Amino acid sequence: MFEPVPAYRSSHFRIKFATAPWERAGTASLRRQVFCAEQGIFEGVDRDAVDAVAIPICALSTLGGAPDAVVGTVRIHETADRPGEWWGSRLAVARDYRRVGALGAGLIHVAVASAHARGCTRFLAHVQSANAPLFQALHWTSLAEVELYGRVHHLMQADLAHYPPMADPERGLVTLLRRAA
């Protein structure tokens with residue numbers, strides 16, 4: 001009897017600014033899947049005014065070394081009335097890739113390091129409570145607990161000393177498959 005062949009999983013991922021139209025479309029689709037369909041936080045779409053100024057970042061799976069699909073995303077933006085203050089939001093990883101430990105950390109790294117290169121002096125995010133331990137392990141501090149969209153979040157701040165400026169986020173970084181425990 002034959003054993004079923006497991007689904008292909010990329011072992012290399014590129015995390016970068018979403019620059020191509022298909023990458024931007026993929027980030028929007030993934031956000032709808034996670035925040036509307038799975039979590040039910042938003043009805044229909046999760047787009048808001050921040051999207052007009054935000055920089056979308058994508059995690060791409062690869063097939064034969066070439067980008068294949070958007071499997072993670074986050075967006076960043078500088079606060080208009082507080083120069084140097086940047087925010088990250090809408091961090092999402094596709095369901096089939098959530099056990100790939102490097103994706104969330106890689107998205108967070110590119111978000112903070114690329115903002116740091118653009119003059120960021122303070123990087124903040126509202127993080128769902130379940131994800132706060134990951135951020136703390138990545139040198140973030142919880143400043144307060146707040147309720148957003150009917151869920152408890154932590155207002156968290158990144159320690160910029162652990163995120164050297166990334167000069168080329170359009171190219172990004174490559175991370176290897178690492179299974180989360």
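Q: What makes two aromatic rings a pair in this predicted model?
A: Rings of Phe, Tyr and Trp (its six-membered ring) pair if their centres lie within 6.5 Å; planes under 30 degrees apart count as stacked, over 60 as edge-to-face and the rest as tilted. By this rule there are four aromatic pairs.

Q: Why is the pair of Phe42 and Tyr149 called edge-to-face?
A: The centres of Phe42 and Tyr149 are 4.8 Å apart, within the limit for a pair, and the planes stand at 65 degrees, which is over 60, so the pair is edge-to-face. Phe42 lies in the loop between α1 and β2, Tyr149 in the loop between β6 and β7, 107 residues apart.

Q: Why does Phe42 count as buried, and Tyr149 as partly exposed?
A: Buried means under 20% relative accessible area, exposed over 50%, partly exposed in between (1.4 Å probe, protein chains only). Phe42 has 16%, so Phe42 is buried; Tyr149 has 49%, so Tyr149 is partly exposed.

Q: How do you know that β6 and β7 pair?
A: Strands (DSSP runs of E, at least two residues, numbered from the N terminus) pair if DSSP finds at least two bridges between them. Strands β6 (residues 140–148) and β7 have eight bridges, in the antiparallel sense, so they pair. Glu145 stands opposite His154 in β7.

Q: What makes β5 and β7 a pair of strands?
A: Five bridges join β5 (residues 122–128) and β7 (residues 151–158) in the antiparallel sense, and at least two are needed. Ala125 has Met156 in β7 as its bridge partner.

Residues are numbered from 1 along each chain as its sequence is written. Local features need pLDDT of at least 70, side-chain atom pairs count only at pLDDT 80 or more, totals for chains, interfaces and linings use all residues, and side-chain values use heavy atoms, with hydrogens and water left out.

Definitions and conventions: Helices (H or I, at least four residues) and strands (E, at least two) are DSSP runs, numbered from the N terminus.
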